[in-house]
Amino acid sequence: MDSNSPFSSLGTVNWLDGSLSGAQVHESVKTVGQLVGAFHEREEAERLDPSTVIYRVQWFAPEPAGTDGGLYWGNTAIEPGRIGDEYFMTHGHFHGRRDRGEFYATVQGEGALILMDATRRTWFEKMTPGSLHYIRGDWAHRVANTGAERLRFLACWPTDAGHDYESIALHGFGARMLCREGRPTLVESAS
Ligand code: PAN
Ligand code: ZN
C-alpha cells in the first residue's frame, strides 16, 4: 500500500518508553550548567560537573512554530537525582499564549507535575506510568523526577503556544519539590 501523505515519514513512537525515532526528530539536552539558576541550592549545583545531563527532550514539529492550529508531539526523559534536597526537574514555563493548553502522559518512572496559576498558587499532580495530565493554557508547568529511575513522559501542545521561560527565570514557581524526611514534599518558596 503506497501512501503519498506529506507526513507519513514523520517517525515512530516506542510505546515502551515513549522515545521517538526517525529522520525528523528534533532533540535537545539540558545540563546542570544550563539549569544552575533554577535550583534553590545554587552552590550545590555549582559543585557538580556542569555537563551532567538532567533531561533530554525529543519532538516532532511537522509545522513551523507559530502555525495556527498545528500540533507538536514530544517526549521528555528526566534523569533521577537531586541537587541538594531538590529533585532533578525541567526549567518549567508558561506558554507565550496563555490560551494554549497541553497534554502530558507518563510512560515510565515517578514524578510530580508542578503547576502554577497566574496568582502564583502552586500545586502538583503525581505522575506514574499511564497517568494523563491536562495543563490549562494559563498554568505554568514544570516536572520533577521524584523516583529512583528515569522519568519519561509524552506531551502534545499547539504549534502556536510559544514558551515563556523568562517569567519563571525571574520569579520561579510558588513552591519547590524537595526531599523532606526521605519523601518528596511540595514546599512553598520564600520568593
Ligand atoms: C514540554 C517541555 C519539556 C521540557 O515539551 O518543553 O518537557 O521542559 P521545559 O521546556 O520547561 O524545559 C512542553 O511543556 N512543551 O510545551
Ligand atoms: Zn508546555
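The protein chain of this predicted model has three helices and 17 strands. With 191 residues, a compact globule would have a radius of gyration near 16 Å, and the chain comes out at 17 Å, so the value agrees with that picture. The C-alpha trace spans about 60 × 35 × 30 Å along its principal axes.

Let's start with the sheet of six strands. This sheet is open, and its strands line up in the order β3-β4-β5-β14-β9-β12, with antiparallel pairing. At the edges sit β3 (26-31) and β12 (132-135), each of which pairs on one side only. On average, neighbouring strands here are turned by 20 degrees against each other, if direction is ignored. As a reminder, strands of a sheet pair through backbone hydrogen bonds, and they can do so in a parallel or an antiparallel way.

It helps to walk through part of this sheet strand by strand. The edge strand β3 and its partner β4 are antiparallel and share six bridges. Two of the residue pairs can be picked out by eye: His 26 has Trp 59 in β4 as its bridge partner, while Lys 30 is matched with Tyr 55, again in β4. Moving on, β4 is also joined to β5 (residues 71-78) by six bridges, and these two strands run antiparallel as well. Here, Phe 60 finds its bridge partner in Trp 73 of β5. When looking along any of these strands, keep one rule in mind: in a regular strand the side chains alternate between the two faces of the sheet.

Next comes the ligand. Ligand 1 is surrounded by 15 residues, and the closest are Tyr 55, Thr 76, Gly 92, Tyr 104 and Tyr 165. Tyr 55 has already turned up above, as the bridge partner of Lys 30. By type, the shell divides into six nonpolar residues, eight polar ones and one charged one. Three side chains place a polar atom by an oxygen atom of the ligand. For His 95, the distance is 3.2 Å. For Glu 102, it is 2.9 Å. For Tyr 165, it is 2.5 Å. On its own, ligand 1 has 400 Å² of accessible area, and the protein covers 96% of that. The elements that give two or more residues to the shell are β4 (53-60), β9 (102-108) and β14 (151-158). These three strands also appear in the order of the six-stranded sheet.

A further open sheet is built from three strands, in the order β11-β10-β13, and its pairing is antiparallel. Its edge strands are β11 (122-127) and β13 (140-145), and each pairs on one side only. Neighbouring strands of this sheet are turned by 25 degrees against each other on average, direction ignored. Between β10 (residues 111-116) and β11 there are six bridges, in the antiparallel sense. Along that pairing, Leu 113 stands opposite Glu 125 in β11.

Finally, there is a hairpin to look at. Strands β16 (residues 175-180) and β17 (residues 183-188) run antiparallel and are joined by six bridges. Arg 176, for instance, has Val 187 in β17 as its bridge partner. Two residues lie between the strands of this hairpin, and Glu 181 in the turn has a positive phi of about 50 degrees.

Terms used:
Residues are numbered from 1 along each chain as its sequence is written. Chains are lettered from A and ligands numbered from 1 in the order in which they are written. This is a predicted model: local features need pLDDT of at least 70, side-chain atom pairs count only at pLDDT 80 or more; totals for chains, interfaces and linings use all residues. Side-chain values use heavy atoms; hydrogens and water are left out. A residue is near a molecule or strand if one of its heavy atoms lies within 4 Å of it. A polar contact is a pair of N or O atoms within 3.5 Å; within protein, one must be able to donate a hydrogen and the other to accept it, and residues adjacent in sequence count only if both atoms are side-chain atoms. Accessible areas come from the Shrake-Rupley method with a 1.4 Å probe; for residues, only the protein chains shown count as cover. Helices (H or I, at least four residues) and strands (E, at least two) are DSSP runs, numbered from the N terminus. Ala, Val, Leu, Ile, Met, Phe, Trp, Tyr, Cys and Pro count as nonpolar, Asp, Glu, Lys and Arg as charged, and the others, Gly among them, as polar. Two strands pair if DSSP finds at least two bridges between them. Axes are lines fitted to C-alpha atoms, for helices over the stretch in contact, and angles run from 0 to 180 degrees between N-to-C directions. The radius of gyration is taken over C-alpha atoms; the globule rule is 2.2 Å times the number of residues to the power 0.38.
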